[in-house]
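Hello,

Here is the structure I promised to pass on to you. Please have a look at it first, and then read my notes below.

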Amino acid sequence: MDTITEASSANQSFGNISFPIVGIGASAGGLEAFTQVLKHLSATTGMGYVLVQHLDPQHESLLSRLLARTTSMDIHDARDGIVVEANNIYVIAPNTDLTLEESTLKLVPQTKTDGQHLSIDTFFSSLAENALHQPIGVILSGTASDGTRGLRAIKERGGITLAQDAYSASAPAMPQSAIASGCV
C-alpha cells in the first residue's frame with residue numbers, strides 16, 4: 001500500500017511541477033553570456049532552465065550543442081509539448097516563440113510586436129502566468145529592450161528578476177533596459 005501512495009504522490013508533484021523554472025534571455029553576445037552562467041551552475045540545482053535567445057530564423061541553431069560542452073546538465077532543443085524537468089536545460093528553436101503552460105513548453109510561430117521579435121518577453125510573461133512556484137527571470141547580453149516587460153510581469157507575481165551587469169555584457173542594452181525599468 002505504501003508503494004502505491006508514494007507513486008501517486010510522485011505523479012502529482014511531477015504534474016504540478018514542484019521546482020522553480022528559470023527563464024534566461026539573451027541576444028547579441030548571448031552565447032558567451034550563457035556559457036559563463038552554465039559554467040558556474042551546479043548540475044543539481046533542482047531547477048529547470050529555459051534559454052531564449054534571438055536566433056537567425058533561416059538557419060539551424062547550434063546553441064544546444066555548443067552549450068553542452070559547458071555543463072553536465074542535459075540540454076534539449078525545445079519541442080512543442082515537452083515537459084520541463086529539474087536539472088535540465090531547454091533551448092528555444094529558431095523562428096519560434098516559446099511559452100509555458102503549467103509545466104509544458106509550447107512552440108508557436110514567431111510573431112512581431114511593433115516590428116520587433118520579442119521572444120524573451122513572450123516567454124517571461126508566460127512563465128510569470130504559469131509558474132506554480134516562484135518564477136525566475138534573467139536577462140543577459142543583448143541589444144534593444146526585449147525581456148524588460150516580461151521581467152516586470154515576473155516581478156509583479158513575486159518572482160525573482162536578475163540582469164547581467166551591463167559592464168560585463170558585450171551588448172549592454174538589454175540588461176540596461178531591465179535595470180533602468182526598476183524591475184530588477
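**A patch on the surface**

Let me start on the outside: Leu31, Leu62 and Leu66 form a nonpolar patch on the surface, and together they have about 220 Å² of accessible area. Please keep in mind as you read that this is a predicted model. Leu66 sits in helix H3, which spans residues 63-67. With a relative accessibility of 30%, Leu66 counts as partly exposed.

A salt bridge also turned up: Glu60 pairs with Arg65, and their closest N and O atoms are 2.8 Å apart. The count for the model comes to 1 salt bridge. Is Glu60 buried or exposed? Glu60 is exposed, since its relative accessible area is 63% and exposed means over 50%.

**The sheet**

Now to the strands. The model has an open sheet of 6 strands in the order E3-E4-E2-E1-E7-E8, and the pairing is parallel. Strand E3 (74-77) and strand E8 (160-163) are the edge strands, each pairing on one side only. From one strand to the next, the twist averages 20°.

Strand E7 (residues 136-139) is a good place to zoom in. On one side, E7 is joined to E1 by 4 bridges, and these two strands run parallel. Here Ile24 has Val138 of E7 as its bridge partner. E7 is also joined to E8 by 4 bridges, again with the strands running parallel. Val138 has its bridge partner in E8 too, namely Leu162, while Gly137 is partnered with Thr161 of E8.

Which residues of E7 are buried on its two faces? Ile136 and Val138 are buried on one side, and Gly137 and Ile139 are buried on the other, so both faces of E7 are covered.

**A helix across the strands**

Finally, take a look at helix H2 (residues 30-39). Helix H2 lies across strand E1 (21-26), strand E2 (48-53) and strand E4 (88-91), and runs at about 165° to E2. Its buried residues are Gly30, Ala33, Phe34, Thr35 and Leu38. In an α-helix there are 3.6 residues a turn, so residues three or four places apart point the same way. What covers the buried residues of H2? The cover includes the strands E1, E2 and E4, along with helix H3. Helix H3 is where you will find Leu66, one of the residues of the nonpolar patch described at the start.

Enjoy exploring it!

Best wishes

How values were computed. Residues are numbered from 1 along each chain as its sequence is written. This is a predicted model: local features need pLDDT of at least 70, side-chain atom pairs count only at pLDDT 80 or more; totals for chains, interfaces and linings use all residues. Side-chain values use heavy atoms; hydrogens and water are left out. A salt bridge is a side-chain nitrogen of Lys or Arg within 4 Å of a carboxyl oxygen of Asp or Glu. Buried means under 20% relative accessible area, exposed over 50%, partly exposed in between (1.4 Å probe, protein chains only). Patches are made of residues with over 30% relative accessible area and no salt bridge: like charges are joined within 9 Å, nonpolar side chains (Val, Leu, Ile, Met, Phe, Trp, Tyr) within 5 Å. Accessible areas come from the Shrake-Rupley method with a 1.4 Å probe; for residues, only the protein chains shown count as cover. Two strands pair if DSSP finds at least two bridges between them. Axes are lines fitted to C-alpha atoms, for helices over the stretch in contact, and angles run from 0 to 180 degrees between N-to-C directions. Contact means heavy atoms within 4.5 Å.
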